[in-house]
Amino acid sequence: SHLWYKKTLVIWLVLTLSACPVGLLPTASDSPFGVNLSGPEFSPWNGQQFPTVANWDYLQTKGVNFVRLPLAWESLQPALGGALDPTYSASIATALSRAAARGMSVILHLHNFAHYFDQAHWVSSGCGYAGNVAFSGVGVSIPTSAELADLWTRIVRAFGAMPGVGGWELMNEPQGNNGSLVPGKQLLFA
């Protein structure tokens with residue numbers, strides 16, 4: 001049952017590394033050493049924050065050169081198929097700039113588990129985490145492959161040429177979906 005995950009990971013690695021600018025690929029003396037930086041995937045009322053200058057400086061002193069940055073789809077694109085939120089997008093751009101200034105690569109990572117809260121219900125539910133599958137029901141949807149492709153098209157157009165981008169993770173742990181968002185389809189349509 002985890003075979004699809006392994007296949008997706010291999011395909012993701014091949015696509016990521018083949019699209020990665022040569023300067024971002026590790027050399028034999030510069031092996032990737034990284035961390036997950038949690039914060040941006042939380043709701044704005046539940047501690048959503050992006051790494052500070054001090055956070056980036058600390059990671060640099062520890063030799064970190066690779067960061068996985070989780071994002072909340074609901075904060076990045078408040079309406080499915082709509083424009084990216086300018087404030088949240090500016091925070092992503094700042095994070096990428098700060099990482100690049102310290103020689104780090106960032107994987108932008110959609111942390112929604114293949115779920116999406118519409119804004120009204122995300123706010124009223126008190127859900128504190130992107131795509132929280134524990135809050136199923138009213139206002140929670142399973143986005144289609146077309147909606148995921150729309151989002152990633154917007155993300156790549158907004159951030160793809162920025163220094164600091166080391167790759168993309170299309171969806172964290174898709175689960176509980178009706179087959180409209182399955183890893184193979186994500187790779188085909190995004």
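**Briefing: aromatic pairs, core and sheet**

F50 and Y88 are both buried. They belong to a predicted model, and the tour below starts with the aromatic rings before turning to the nonpolar core, the sheet and one polar contact. The structure contains two aromatic pairs, and its four-stranded sheet is open, with parallel pairing.

**Aromatic pairs**

- A pair of aromatic rings is described by how far apart the centres are and by the angle of the planes.
- The rings of F50 and Y88 meet edge-to-face, with 5.1 Å from centre to centre and 70° between the planes.
- F50 sits in the loop between β1 (34-36) and α2 (53-61), while Y88 belongs to helix α4 (residues 86-101), so this pair ties together parts that are 38 residues apart in sequence.
- W152 and W168 are edge-to-face because their planes stand at 75°, above the 60 degrees needed for that label; their ring centres are 5.8 Å apart.
- Helix α6 (residues 145-159) carries W152 and strand β6 (residues 165-169) carries W168, so the pair links parts that are 16 residues apart in sequence.
- W152 counts as buried because its relative accessibility is 3%, and the cut-off is under 20%.

**Nonpolar core**

- In soluble globular proteins, nonpolar side chains tend to be buried together.
- Here, the largest nonpolar core has 32 residues, and W56, I92 and L108 are the ones that touch the most other members.
- At least two residues of this core come from each of α2, β2 (66-71), α3 (73-76), α4, β3 (105-110), α6 and β6.
- Which residues does W56 contact, leaving aside its neighbours within four places in sequence? They are L37, P51, V67, A95, R98, A99, R102, M104 and V106.

**The sheet**

- The open sheet has four strands in the order β1-β2-β3-β6, and the pairing is parallel.
- Which strands stand at the edges? They are β1 and β6; each has a single partner strand, so one side of each lacks a neighbour in the sheet.
- From one strand to the next, the twist averages 20°.
- Three bridges join β1 and β2 in the parallel sense.
- For N36, the bridge partner in β2 is R68.

**A polar contact at S75**

- S75 is part of helix α3.
- Is S75 buried or exposed? S75 is buried, because its relative accessible area is 9% and the limit is under 20%.
- The side chains of S75 and Q48 are joined by a polar contact of 2.8 Å.

Terms used:
Residues numbered from 1 in each chain as written. Predicted model: local features only at pLDDT ≥ 70, side-chain atom pairs only at ≥ 80, totals over all residues. Heavy atoms only, no water. Phe/Tyr/Trp six-rings, centres within 6.5 Å; stacked < 30°, edge-to-face > 60°. Buried < 20%, exposed > 50% of the residue type's maximum accessible area, 1.4 Å probe, protein only. Core = buried A, V, L, I, M, F, W, Y, C linked by side-chain atoms within 4.5 Å. Contact = heavy atoms within 4.5 Å. Pairing = 2+ DSSP bridges. Axes fitted to C-alpha atoms, helices over the stretch in contact; angles between N-to-C directions. Polar contact = N/O pair within 3.5 Å; in protein donor to acceptor, adjacent residues only side chain to side chain.
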